[in-house]
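User: Hey, could you walk me through this model before I head back to the bench?
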Amino acid sequence: MASTDKVSPCDRLLDAAARLSYRDGVSIGVETLCREAGVSKRSMYQLFDSKDQMLAASLERRVARYQARLAHPDPDAATPRERILYVFEQLEKGSVDPDYHGCPYLAVLVELKDPEHPASAVARGVKQTLKEAFRAEAERGGARDPELLARQLLLIFDGASARAGARVERLDDGLATATATALLDAAGLA
């Protein structure tokens with residue numbers, strides 16, 4: 001692991017915000033964030049206009065990694081059905097991690113309840129991108145109503161993620177993938 005003197009204060013703050021907000025929620029205090037990052041409050045406010053902006057930047061920074069984890073490793077060879085089901089398989093795999101607390105973007109939306117918050121905007125964008133990916137795959141696969149199927153799939157994804165993150169549901173039995181499969185079948189997806 002790199003020592004803190006080789007990692008920029010900005011990166012340390014963004015890493016701390018990612019870790020703490022995922023584990024403890026977005027209401028973590030500035031003092032706690034700065035202490036965890038080993039950065040002064042003054043330095044934090046020189047780097048970011050507010051804690052809200054830092055949280056949004058932290059979420060934005062993780063988008064590519066989040067999307068890559070859900071993307072099929074061989075998208076050109078996979079069918080639309082396989083690409084959709086892969087997303088649910090990844091959800092199921094991630095949910096067994098002892099540190100899993102659900103989808104970080106859904107958690108932000110639920111916790112903040114403020115659509116104008118900069119972190120809410122990032123989270124909504126990530127969720128919209130996932131829905132659009134589901135819709136595009138549904139269209140490619142010949143679903144009768146791609147938009148409806150995309151909404152249903154996102155509902156299953158978010159619901160399964162939230163329930164597994166709250167430890168009230170286990171996903172290691174394939175329940176999320178089986179539920180998504182039933183939706184794909186009912187929608188006429190090839």
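Analyst: Sure, here is a chat about the fold, the core, the aromatic pairs and the cysteines.

User: What kind of model is it, and how are residues numbered?

Analyst: Residues are numbered from 1 along each chain as its sequence is written. This is a predicted model, where local features need pLDDT of at least 70, side-chain atom pairs count only at pLDDT 80 or more, and totals for chains, interfaces and linings use all residues; side-chain values use heavy atoms, with hydrogens and water left out.

User: Ok. How many helices and strands does the protein have?

Analyst: There are 9 helices and 0 strands. Helices (H or I, at least four residues) and strands (E, at least two) are DSSP runs, numbered from the N terminus.

User: And what box do the C-alpha atoms fill?

Analyst: Roughly 55 × 30 × 30 Å, taken along the principal axes. The accessible surface comes to about 10100 Å², and 53% of that belongs to carbon and sulfur atoms. Accessible areas come from the Shrake-Rupley method with a 1.4 Å probe, and for residues only the protein chains shown count as cover.

User: What share of the residues is buried?

Analyst: Of the 190 residues, 44% are buried. Buried means under 20% relative accessible area, exposed means over 50%, and partly exposed is in between (1.4 Å probe, protein chains only).

User: Which annotations does UniProt give?

Analyst: The unreviewed entry has "domain: HTH tetR-type" over residues 7-66, and "DNA-binding region" over residues 29-48. UniProt positions are given in the numbering used here, feature names are shortened, and annotations may be inferred rather than shown by experiment.

User: What do those two spans look like in the model?

Analyst: Residues 7-66 are 78% helix and 0% strand, with the end C-alpha atoms 22 Å apart. For residues 29-48 the chain is 75% helix and 0% strand, and the end C-alpha atoms are 15 Å apart.

User: Let's go inside. Which residues touch the most other members of the largest nonpolar core?

Analyst: Phe88, Leu91, Tyr105, Phe134, Leu149, Leu153 and Phe157, in a core of 40 residues. The elements giving two or more residues to this core are α4 (51-70), α5 (80-95), α6 (104-112), α7 (118-140), α8 (146-165) and α9 (175-186). Another core, of 14 residues, lies apart from it, with Leu13, Leu14, Leu20 and Ile28 among its members. A nonpolar core here is a set of buried Ala, Val, Leu, Ile, Met, Phe, Trp, Tyr and Cys residues joined through side-chain atoms within 4.5 Å.

User: What is Phe157 in contact with?

Analyst: Leaving aside neighbours within four places in sequence, Phe157 contacts Tyr66, Leu70, Val87, Phe88, Leu91, Lys127 and Leu130. Contact means heavy atoms within 4.5 Å.

User: Plenty of rings in there. How many aromatic pairs does the structure hold?

Analyst: It holds 3. Tyr66 and Tyr105 form an edge-to-face pair, 4.9 Å centre to centre with 70° between the planes. Tyr66 is in helix α4 and Tyr105 in helix α6, 39 residues apart, so this pair links distant parts of the chain. Phe88 and Phe157 are also edge-to-face, at 6.1 Å centre to centre and 75° between the planes. Because Phe88 lies in helix α5 and Phe157 in helix α8, that pair ties together parts 69 residues apart in sequence. Ring pairs also link Phe88, Phe134 and Phe157 into a cluster.

User: What counts as a pair, though?

Analyst: Rings of Phe, Tyr and Trp (its six-membered ring) pair if their centres lie within 6.5 Å; planes under 30 degrees apart are stacked, over 60 edge-to-face, and the rest tilted.

User: Are Tyr66 and Tyr105 buried or exposed?

Analyst: Tyr66 is buried at 7% relative accessible area, and Tyr105 is buried at 1%.

User: What else is buried in α6, and what covers it?

Analyst: Besides Tyr105, the buried residues of α6 are Pro104, Leu106, Val108 and Leu112. Their cover includes α1 (9-24), α4, α7 and α8. Just after α6, Lys113 takes a positive phi of about 55°.

User: Switching to cysteines: how many disulfides are there?

Analyst: A search of the whole structure finds 0, a disulfide being a pair of cysteine sulfur atoms within 2.5 Å.

User: Why is Cys10 not bonded?

Analyst: Because the closest cysteine sulfur, in Cys34, is 12 Å from the sulfur of Cys10, too far for a bond. Cys10 is partly exposed, at 25% relative accessibility, while Cys103 is buried at 5%.

User: Last one: what does Ser161 touch?

Analyst: Not counting residues up to four places away in sequence, Ser161 touches Leu91, Tyr100, Gly102 and Cys103. Ser161 sits in helix α8 and counts as buried, at 1% relative accessibility.
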